[in-house]
Amino acid sequence: MKKDEEIKALRENIQKNNGEVSACSEDYAYFNNFPLNSKQCLYVANWRSRGIVFEKGLKNLTGYSLEEFNTEDIILYTHPEDRELVSNITKGVVMHVVNTPIQNEEAHLLLSFRFLKKDGTYIKLLVQSSVLERDEEGKMISNFSLLTDISFLDTHDRVEWNFQANELDLKAFKKVIYTLYADFYTKREKEILNLIAKKHTSEKIAKLLSLSKLTVQTHRKNILRKAKSHSIDDVLSFCKKNGIIG
């Protein structure tokens, strides 16, 4: 099953298990007054209806009409190298907020990744999503998402994410993300990363692992390259966030 089909199947399963809630663009017309700049658009996704039911500025930013763009299409238009992670984060967050009563607390997802516009070019997209409507039990019916082209600010091609929800079992949620990065680095690279995190120099690491200093330096270069970064501090932050190192 392709990733875009997985999200569609997820939406259909949510409707089946929780009941359908009909919605149309007129229900969200108040968003017509939401201020947007030329690098932004917004949409409302109803997970217990037909998916995205309202948009503003979508074609201007992405080139796609609403007929060409749904919850599953976001994954379809994601860069192939980013797709699996974006899909798993999306599924994990949606399943949590659909199945967990949120009540008075808020749930917010920030997710950035490379997105394919209709003209064939990629932009770095920041998606800021929040629960919009809940049922009587506090479970999510729809979410509001603001999309911003941040290509002019971004310095690397990695997927970045942050999910905030008080009820979230972070350990269980992150386990999904950590699994995707289990083989991101080799065993030796992880050993070196853990020693770098302890502030050891390349010379000290070489002695501890019985390697040449040149070999350690080569590993360091590969570690930076794989994370698409020029800063070891940035790499360490990325590795800790995604469970590569403790």
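In which helix is Val-98 found? In this predicted model, Val-98 belongs to helix α4. The residue is buried, because its relative accessible area is 1% and the limit for burial is under 20%. Beyond its neighbours within four places in sequence, Val-98 contacts Ile-14, Asn-18, Lys-139 and Met-140. Phe-113 follows 15 residues along the chain from Val-98, and the two C-alpha atoms are separated by 23 Å.

Helix α4 spans residues 80–99. With seven residues, helix α4 gives the most to the largest nonpolar core. That core holds 57 residues. Within the core, Phe-69, Ile-89, Phe-113 and Leu-193 touch the most other members. The surroundings of Phe-113 were examined further. Residues up to four places away in sequence were not counted. Phe-113 then touches Ile-74, Thr-78, Asp-82 and Val-86. Its contacts also include Ile-123, Lys-124, Leu-125, Val-127 and Val-159. Another core lies apart from the largest one. This other core has nine residues, including Ala-23, Val-44, Val-53 and Phe-54.

The pairing of helices α6 and α7 was considered next. Helix α6 covers residues 187–197, and helix α7 covers residues 202–209. Their axes come within 10 Å. They cross at roughly 130°. The two helices are therefore oblique to each other, since this angle falls between the perpendicular range, 65 to 115 degrees, and the antiparallel one, over 145. The crossing is right-handed.

Residues from both helices form the contact. Arg-188, Glu-191, Ile-192, Leu-195 and Ile-196 take part from α6. They meet Ile-205, Leu-208 and Leu-209 of α7. By class, six of the contact residues are nonpolar and two are charged. None is polar.

Ile-192 gives a closer view of this region. Ile-192 is found in helix α6. The residue counts as buried because its relative accessibility is 0%. Ile-192 and Leu-208 are 16 residues apart in sequence. In space, their C-alpha atoms are 9.8 Å apart. With neighbours within four places in sequence left aside, Ile-192 is in contact with Ile-205 and Leu-209, both of which are in α7. His-219 and Ile-223 are also in contact with Ile-192.

Technical notes: Residues numbered from 1 in each chain as written. Predicted model: local features only at pLDDT ≥ 70, side-chain atom pairs only at ≥ 80, totals over all residues. Heavy atoms only, no water. Axes fitted to C-alpha atoms, helices over the stretch in contact; angles between N-to-C directions. Helix = DSSP H or I, 4+ residues; strand = E, 2+ residues; numbered from the N terminus. Parallel < 35°, antiparallel > 145°, perpendicular 65-115°, else oblique. Left-handed = near helix turned anticlockwise from the far one by under 90°. Contact = heavy atoms within 4.5 Å. Nonpolar A, V, L, I, M, F, W, Y, C, P; charged D, E, K, R; others polar. Core = buried A, V, L, I, M, F, W, Y, C linked by side-chain atoms within 4.5 Å. Buried < 20%, exposed > 50% of the residue type's maximum accessible area, 1.4 Å probe, protein only.
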